[in-house]
Amino acid sequence: RNWTKIKEYEDILFDFYNGIARITINRPRYRNAFTPTTTGEMSDALRICREMEEVSVVVLTGAGDKAFCSGGDQNVKGKGGYIGKDGVPRLNVLDVQKQIRSIPKPVIAMVNGYAIGGGHVLHVVCDLTIASENAIFGQTGPRVGSFDAGFGSSYLARIVGQKKAREIWFLCRQYSAQEALDMGLVNKVVPFDKLEDEVVEWAEAMMKHSPLALRMIKAGLNAELDGQAGIQELAGDATMLYYLTEEAQEGKQAFLEKRDPDFKKFPKLP
Ligand code: 2NE
């Protein structure tokens, strides 16, 4: 496949093929652990994915055949967070999680190896996960002095159930791709050399469907779980659709023409 570069970064690759934007964490030396630079770049790339009309589906993956992402880079973990080039401790992977949930396009985690710690949470928050047979899943927080009590816990529990989520966090075990499939944590497992083909096939299948319908379904599934922030997303989509109607245009037009609006002519469907 002829993937073309969208933008050059330090820690990630960002490329495009046939409606699909692919974000690859490119730190294989550290099992694709992220630093504040990595997550800052991922945020920037996700912002571009949201804005780019040509992008219909986003794929998140890791470079090489060993890891999807091994979470926060322990070399830069300091007091108060992960310390970036500016010397400030941050947890900006949380912004990336929120962006993955709120971007109005499907996001597929293409898990090509270890998805561990904060790297595991990244796949959890993606809409779909396709894994290769060598993929390994798990949380390590309580073992290494960390935890994610946000999406990494509550959304995980929505996926695998409360007992299993507590097992995953309390015992910090590793799970095979097959075990992850059995607990509903991933959508499909394929041989490593078929991973990209499978992901592209799923992306192309979704691209045959109405993007607005997919957007509303994603917002609706999120809204049930995300409280007011989730309702805001769904409400924003409703406002966008309303702005496409003549009825909404009439309100603005009347204001600009300094006359009373005539809303009577619009249908009140049952
Ligand atoms: C990922 C895993 C299981 C892979 O094991 P293996 O045996 O395949 O590789 P190895 O030898 O452990 O790792 C290869 C190199 O990558 C580095 C290692 O230190 C090693 O370096 P050298 O010895 O060759 O110099 N490496 C791997 N993961 C790293 C990391 N996260 N940070 C820095 N260097 C890393 C195994 O490597 C592993 O268990 N990694 C640690 C996983 C982990 O505990 N991650 C942090 C969880 S906390 C978190 O991510 C988090 C959160 O809980 C809340 C908010 C934000 C983040």
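**Tyrosines 242 and 243.** I looked up tyrosine 243 and found it exposed, with a relative accessible area of 53%. I note here that the model is predicted. I counted the aromatic pairs and arrived at four. For tyrosine 242 and tyrosine 243, the ring centres are 6.5 Å apart and the planes stand at 40 degrees, so I recorded the pair as tilted. The angle falls between the limits of 30 degrees for stacked and 60 for edge-to-face. I then checked tyrosine 242, which is partly exposed at 38% relative accessibility.

**Charges over rings.** I looked for charged groups placed over aromatic faces. Arginine 22 lies over the face of tryptophan 3, at a distance of 3.8 Å from the ring centre. I also noted arginine 29, whose charged end sits over the ring of tyrosine 30 at 4.8 Å from the centre.

**Backbone at 31 and 32.** I next examined phi in the loop between strand E3 (20-25) and helix H1 (36-51), where arginine 31 has its place. Most residues other than glycine have a negative phi. Arginine 31, although not a glycine, has a positive phi of about 50 degrees. Asparagine 32 is in the loop between E3 and H1 as well, and its phi is likewise positive, near 60 degrees. I compared their accessibility: arginine 31 is partly exposed at 37%, whereas asparagine 32 is buried at 0%.

**Annotated binding site.** I consulted the UniProt record, an unreviewed entry, which places the feature "binding site" at Gln139, Thr140 and Gly141. I then checked these residues against the largest pocket, and its lining includes Gln139, Thr140 and Gly141.

I located glutamine 139 in the loop between strand E12 (136-138) and helix H4 (141-144). Its relative accessible area is 1%, so I entered glutamine 139 as buried, the limit being under 20%. Leaving aside neighbours within four places in sequence, I listed the contacts of glutamine 139 as Gly117, His120, Val121, Ile168, Trp169, Cys172 and Arg173. The side chain of glutamine 139 also reaches the backbone oxygen of glycine 117, at 3.1 Å.

Threonine 140 is found in the loop between E12 and H4 too. I recorded threonine 140 as buried, at 14% relative accessibility. Not counting residues up to four places away in sequence, threonine 140 touches Ile116, Gly117 and Cys172.

**Helix H3.** Since His120 and Val121 are among the contacts of glutamine 139, I turned to helix H3 (residues 118-125), which is mostly covered, with seven of its eight residues buried. I listed the buried residues of H3 as Gly119, His120, Val121, Leu122, His123, Val124 and Val125.

**Glutamine 97.** I approached H3 from another residue, glutamine 97, which lies in helix H2 (residues 93-102). I found glutamine 97 buried at 4% relative accessibility. Beyond neighbours within four places in sequence, glutamine 97 is in contact with Val121, Leu122, Val125, Asp148 and Phe151. Val121, Leu122 and Val125 are also among the buried residues of H3.

**Leucine 171.** My last entry concerns leucine 171, in helix H6 (residues 162-171). Leucine 171 is partly exposed, at 44% relative accessibility. I looked up its separation from arginine 143: the two are 28 residues apart in sequence, and their C-alpha atoms are 8.7 Å apart in space.

Conventions
Residues are numbered from 1 along each chain as its sequence is written. This is a predicted model: local features need pLDDT of at least 70, side-chain atom pairs count only at pLDDT 80 or more; totals for chains, interfaces and linings use all residues. Side-chain values use heavy atoms; hydrogens and water are left out. Rings of Phe, Tyr and Trp (its six-membered ring) pair if their centres lie within 6.5 Å; planes under 30 degrees apart count as stacked, over 60 as edge-to-face and the rest as tilted. Buried means under 20% relative accessible area, exposed over 50%, partly exposed in between (1.4 Å probe, protein chains only). A charge sits over a ring if NZ of Lys or CZ of Arg is within 6 Å of the ring centre and within 35 degrees of the ring normal. UniProt positions are given in the numbering used here, feature names are shortened, and annotations may be inferred rather than shown by experiment. On a 1 Å grid over the protein atoms alone, a cavity is a set of points where a 1.4 Å probe fits but cannot get out, and a pocket is an open set with protein on both sides within 12 Å along at least five of seven lines; lining residues have an atom within 4 Å of a point. Helices (H or I, at least four residues) and strands (E, at least two) are DSSP runs, numbered from the N terminus. Contact means heavy atoms within 4.5 Å. A polar contact is a pair of N or O atoms within 3.5 Å; within protein, one must be able to donate a hydrogen and the other to accept it, and residues adjacent in sequence count only if both atoms are side-chain atoms.
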